[in-house]
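Hi,

Here is the structure I said I would pass on to you. Have a look at it first, and then read my notes underneath.

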Amino acid sequence: MSETSKAPASRFGGRGMNVAIAVAALATVVGLALWLVQLSGGMVQTGMRNLDSWGLYITMFMFLVGLSAGGLIISSVPRAFGMAGFGGISKVAVWTSICCTVLAIGFVVVDLGQPLRLWELFAYSNLGSPLMWDIAVLAVYLILSIVYLWATLRAEAGKVSQLALRIVSVVALVCAVLVHSVTAWIFGLQQAHELWHTALLAPWFVSSALVCGTAIVLVVVIALRKAGYLDVAQDNVVKMLKMLGAFVAVDLYFFGCDLLTSAFPQASGAEVVSMLVAGPLAPFFWAEIVLSAFAALVAFVPALRRSGLVVAASLAAIVAILCKRVQLLVGGFQIPNLDLPGPMTPYAVTGWESGMAGAYQGLVYWPTPLELGVALGVVGLGALMLLLGLKYLPLRPAEA
């Protein structure tokens with residue numbers, strides 16, 4: 001056994017790790033400064049308006065909730081069903097999930113406009129609203145992820161039984177599915193938006209979460225194997241890659257079912273399909289299809305399963321799901337539902353000078369530099385958490 005594998009987690013990483021931590025910390029500080037600018041000047045500084053009231057922040061929230069699923073699913077499914085795991089990556093996978101969940105909550109906070117609205121969420125909450133269901137399930141999901149990581153560490157020390165750990169893994173797995181289902185219901189129950197109002201949205205969200213979640217764990221595991229932090233057999237990497245290929249195929253199948261139903265002759269959703277395939281959102285649509293096909297090709301062709309291509313395929317799958325989230329959120333606002341929504345001013349809709357037709361000619365929403373900077377800061381916080389956890393927490397396999 002090499003000296004690298006014997007070293008405690010606190011000794012992992014040298015100058016490169018410290019530089020990465022410093023860069024992530026700097027990005028976090030810059031993001032916090034820009035968030036203060038947003039708080040002082042108001043949400044009018046963003047690209048969001050009355051007709052497109054959600055934007056980059058909620059897109060990233062949806063995306064990161066999906067990313068967070070991968071670590072928990074890859075770690076909990078083998079334990080929950082008594083199957084073989086993936087070579088000691090459990091604790092790293094769960095920590096990745098925790099970091100992504102914290103980021104998802106962070107994007108909700110910056111989207112609220114003022115931190116005090118967090119208090120109003122709970123003080124004046126409507127428990128019949130799917131929004132409150134999502135907040136509650138997300139909080140429980142984060143707590144369960146932390147408990148699951150703690151239980152795994154205690155089980156390795158012989159202080160938590162394998163039965164108790166299996167029970168926690170089952171509960172965590174159920175909660176992981178619930179958090180994506182409830183997030184989907186927030187959109188799917190809004191009948192005023194053609195693209196969102198479909199019962200297929202919940203399984204579609206879960207399938208997308210499985211794709212990008214598995215992909216992010218693959219990227220982290222291969223990077224840590226390259227750095228000498230983990231010793232993961234190639235067979236376990238291939239098993240995860242095959243899972244990724246299957247998840248991508250299922251996700252594309254759901255997407256195809258939805259498009260076929262909408263595009264069928266005389267169907268009311270034909271305008272939605274036209275918007276995605278040849279309209280303002282076409283670049284995101286075709287990027288998703290091409291990147292997903294590339295990821296599936298690498299997963300299913302044995303000759304292509306080399307580390308570099310596996311990382312490229314995983315990153316392609318992650319970007320594909322991000323493109324899908326952009327299509328979903330912006331597309332829900334792209335088609336007008338009301339002929340006379342009210343007077344238009346610079347504070348109501350972008351491109352208001354050309355009237356309603358001009359407002360919907362191109363994309364109704366694009367993030368401002370301020371939004372991009374704040375989003376970069378939140379992502380920097382997640383990178384900082386991940387790196388500090390790898391450096392100081394006992395995340396290596398116990399057998400090492």
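Below is what turned up, going from the helices to the empty spaces and then to a few single residues.

Before anything else, please keep in mind that this is a predicted model.

**Two long-ish stretches to start with: H3 and H8**

Start with helix H3, which covers residues 56-80. With 25 residues at 1.5 Å a residue, H3 should span 36 Å, and its end C-alpha atoms are 35 Å apart, so the two values agree. Where does H3 bend? Look at Ile73: the helix turns there by about 30 degrees. H3 is also largely enclosed by the rest of the structure, because 23 of its 25 residues are buried.

Now find helix H8, residues 201-227. H8 has 27 residues and reaches 39 Å from its first C-alpha to its last, close to the 39 Å expected at 1.5 Å a residue. H8 too is largely enclosed by the rest of the structure, since 22 of its 27 residues are buried. Lys226 is in H8 as well, but this lysine is exposed, with a relative accessible area of 76%. If you want to place Lys226 against another part of the chain, try Ala151: the two are 75 residues apart in sequence, and their C-alpha atoms are 28 Å apart in space. Just after H8 comes Gly228, which takes a positive phi of about 85 degrees.

One thing that helps when you look at any helix: an α-helix has 3.6 residues a turn, so residues three or four places apart point the same way.

**The pocket and the cavity**

How much volume does the largest pocket have? The value is about 480 Å³. Its lining is made of 20 residues, and those nearest the centre are Leu64, Leu67, Cys100, Ile216 and Val379. Both helices from above take part: H3 and H8 each supply at least two residues of this lining, as do H4, H12 (307-334) and H14 (369-392). Which helix gives the largest share of the pocket lining? That is H14, with five residues.

There is also one cavity of 30 Å³ or more. The largest cavity has a volume of about 50 Å³. Its lining consists of Leu195, Trp204, Phe255, Leu276, Lys324, Gln327 and Leu328. Here H12 gives the most, with three residues.

**The cysteines**

How many disulfides does the structure hold? Zero. As a reminder, a disulfide is a covalent bond between the sulfur atoms of two cysteines. To count as one here, the two sulfur atoms have to be within 2.5 Å. Take Cys212: the closest cysteine sulfur belongs to Cys100 and is 8.5 Å away, which is too far for a bond. Cys100 is one of the residues nearest the centre of the largest pocket. Cys323 does not pair up either, because the closest cysteine sulfur, in Cys212, is 12 Å from its own. Both of these cysteines are tucked away: Cys212 is buried, with a relative accessible area of 0%, and Cys323 counts as buried at 10%.

**A few single residues worth clicking on**

Is Lys91 buried or exposed? At 4% relative accessibility, Lys91 counts as buried. You will find Lys91 in helix H4, residues 90-111. Its side chain is joined to that of Glu156 by a polar contact of 2.9 Å.

Ile143 sits in helix H6, residues 130-156. At 54% relative accessibility, Ile143 counts as exposed, because the cut-off for exposed is over 50%. Ile143 and Ile98 are 45 residues apart in sequence, with 9.0 Å between their C-alpha atoms.

Ile21 is in helix H2, residues 15-41. Its relative accessibility is 13%, so Ile21 counts as buried, the cut-off for that being under 20%. Along the chain, Ile21 and Val378 are 357 residues apart, and their C-alpha atoms are separated by 14 Å.

That's the tour. Shout if you can't find something on the screen.

Cheers

Technical notes. Residues are numbered from 1 along each chain as its sequence is written. This is a predicted model: local features need pLDDT of at least 70, side-chain atom pairs count only at pLDDT 80 or more; totals for chains, interfaces and linings use all residues. Side-chain values use heavy atoms; hydrogens and water are left out. Buried means under 20% relative accessible area, exposed over 50%, partly exposed in between (1.4 Å probe, protein chains only). Helices (H or I, at least four residues) and strands (E, at least two) are DSSP runs, numbered from the N terminus. The expected span of a helix is 1.5 Å times one less than its number of residues. The bend at a residue is the angle between axes fitted to the seven residues ending there and the seven starting there. A polar contact is a pair of N or O atoms within 3.5 Å; within protein, one must be able to donate a hydrogen and the other to accept it, and residues adjacent in sequence count only if both atoms are side-chain atoms. On a 1 Å grid over the protein atoms alone, a cavity is a set of points where a 1.4 Å probe fits but cannot get out, and a pocket is an open set with protein on both sides within 12 Å along at least five of seven lines; lining residues have an atom within 4 Å of a point. Grid points are joined across faces, edges and corners, and a volume is the space filled by probe spheres set on the points.
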